[in-house]
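User: Could you teach me how to read the empty spaces inside a protein model?

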Amino acid sequence: MFFYKVESKNSQTQNKLKPIWFHILILFFLAVIIFTFSKFDYKLNSYFGFQNFYKNVFKFFQIKNESTYLGKTNLALDSLSYLWVSIKYAIVGTFIGFVIAIFTAFLSSSKLNNFWLALIIKNLILLIRSIPELLFITLFNQTFFREFALILIYLWFSWLWLHKYFLETIECLDLTAFYVSKYQGNSSFYAFRKEILSRLWNKFIVLFLYSFESNIRWVSILSALGAPGIGVLIDYAAISSNNIDQLAIPLIFLFLFIVFIELFNYFFNKYILEWNSKTLKTNDYQKLAKTFNYKSVIKLLFFSVIAIFSIYQLITINKDYLLNGFFSSYLNNFFKPDWSVFDISSNSISLNPFLQIFQIYGFALATLVICLFITFWFLPFISKNNNNVWSSLFVKFLNIFLRIFPSLVLFYVFSNIVFSPATLLVFVIGITASSSLNKQLSEVIDNLDNEVIQNLKYQGYSKFKIFFSYILPSIKVEFFLLAMFYFEIFFRSSITYSFLANDGLALGSNMYFHLQEKSFNPNKAFAYMWVIVLNIFFINNAARILKLVI
């Protein structure tokens, strides 16, 4: 009824959706998107709001090198000092999370371990991943001194996200060598270390560097929630019109460091991680075996320095508890939610859980649509194979600038114009996230067969025709998988940024309200948390099923 296939005498095609159902599906999605966007408030603020916006933009460029955050101090020196705090604790947290993620990815793989054990561990970690970031950020900040709390936040981020990437990479690998090693009497972990980890090490290093960069880009939102680092100076300047002239300098230092990370990642990947094939000039294999492998030495030194630095920071940092009883309250009430915060018969979004759930699904969908729309504008110009080298570099530079500009700063700046915080967050998060999606898709495009693209150019195809007739169809699977992944990210963002939107994102803002010291009520907070956890768990499992289908 829904599918058809073309058969010949010797072969047949796979099942395809009938055109009529395909068009009905497209119309249905368009209707859902239009309905979703119709629920947002697009009202603009008064003339005074626009005046304040222009005043802030003008004042932003009147760069001031005097900070009033802690008295009158040198802002450039303060920015360097606070940036170093963000860097060193991001290194420690990312590295520890990286190490833990390798072990949990190994234990979660059903191809490497007992199926039922792997299934239990995989779903347990998925359940932990479903806990909203807003909850554990608040927990760590309320339980430990700020510096150690920041390490734990970065560790949590890095572990759970790297675990996901590592496990997917392992599951896609040919494991024949692993099974042969086990058949020879080696343990599972020895076989994993020798036959799998050695082959995936370069991929894991790339993901480690990407995770570190992502953690640094979180500085602004983390500082808004109480964590230390350069985000403290950025938030202090951005949140008040009186201090907006103190925003440029910390932003410039953050921008320069992330550009440095980008360049470091590029050259490290190109000259250390990539293996280029060479024509052998000798058949003396004993001589070849003694060839100095400087790339392996550099990688070993790189991680040795990071490991020693991380151990030193962990030994010297203050790991004491804040004796306020928050941690014990979290543990004692984690499985004791107070469901009285909900009333399914109410028409009020502050009480009805289904209205709150629909609200954040609508937020995630609207943000995804904006992200994909911006991505389609950038993507045809960002590939080095389909464009002039300099134009491609220029677009990539713009993309880097968009990616590193803190979403929270954009929110504070444009909040003078846009009346609804939830509406503004949809556009700010969608636009800034499109830069990360562009980066990931451009890497997929750059790995396509360049000869095919050049042949199409010889045939007179324009860059846009090449993009829509060859490039886009070639990356459609990766595009769809990333779109599903970003939907989950935007769902999570609706919780993380909810403290800025109140009833505009009721589920997360209500949970955050009951986690604050003045209104602390963990039983009520965990009622909202469990609703969020179940929905994120559902999204992850739905994505897992869809991956099997496509």
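**Contacts, core and cavities**

Analyst: We can start from one residue: leaving aside its neighbours within four places in sequence, Phe 166 is in contact (heavy atoms within 4.5 Å) with Phe 98, Ala 101, Ile 102, Ala 105, Phe 204 and Leu 207. This is a predicted model, in which local features need pLDDT of at least 70 and side-chain atom pairs count only at pLDDT 80 or more, while totals for chains, interfaces and linings use all residues. Residues are numbered from 1 along each chain as its sequence is written, and side-chain values use heavy atoms, with hydrogens and water left out.

User: How many cavities of 30 Å³ or more does a search of the whole structure find?

Analyst: Rolling a probe the size of a water molecule over the atoms shows where empty space is left. A cavity is a set of points, on a 1 Å grid over the protein atoms alone, where a 1.4 Å probe fits but cannot get out, and lining residues have an atom within 4 Å of a point. Here the search finds 2 cavities, and the largest holds about 830 Å³ of space, a volume being the space filled by probe spheres set on the points, which are joined across faces, edges and corners.

User: Where does the largest cavity lie with respect to domain 1 and domain 2?

Analyst: Domain bounds come from an automatic or database domain assignment. Because domain 1 (70–275 + 292–331) and domain 2 (355–549) both give residues to its lining, the largest cavity lies between them. Of its 37 lining residues, Ser 214, Arg 217, Trp 218, Ser 436 and Ile 489 lie nearest its centre.

User: How much space lies in the second largest cavity?

Analyst: The second largest cavity holds about 50 Å³, and its lining includes Arg 129, Trp 156 and Arg 492.

Note on methods
1 Å grid on protein atoms, 1.4 Å probe; cavity = no way out; pocket = protein on both sides within 12 Å on 5 of 7 lines; lining within 4 Å.
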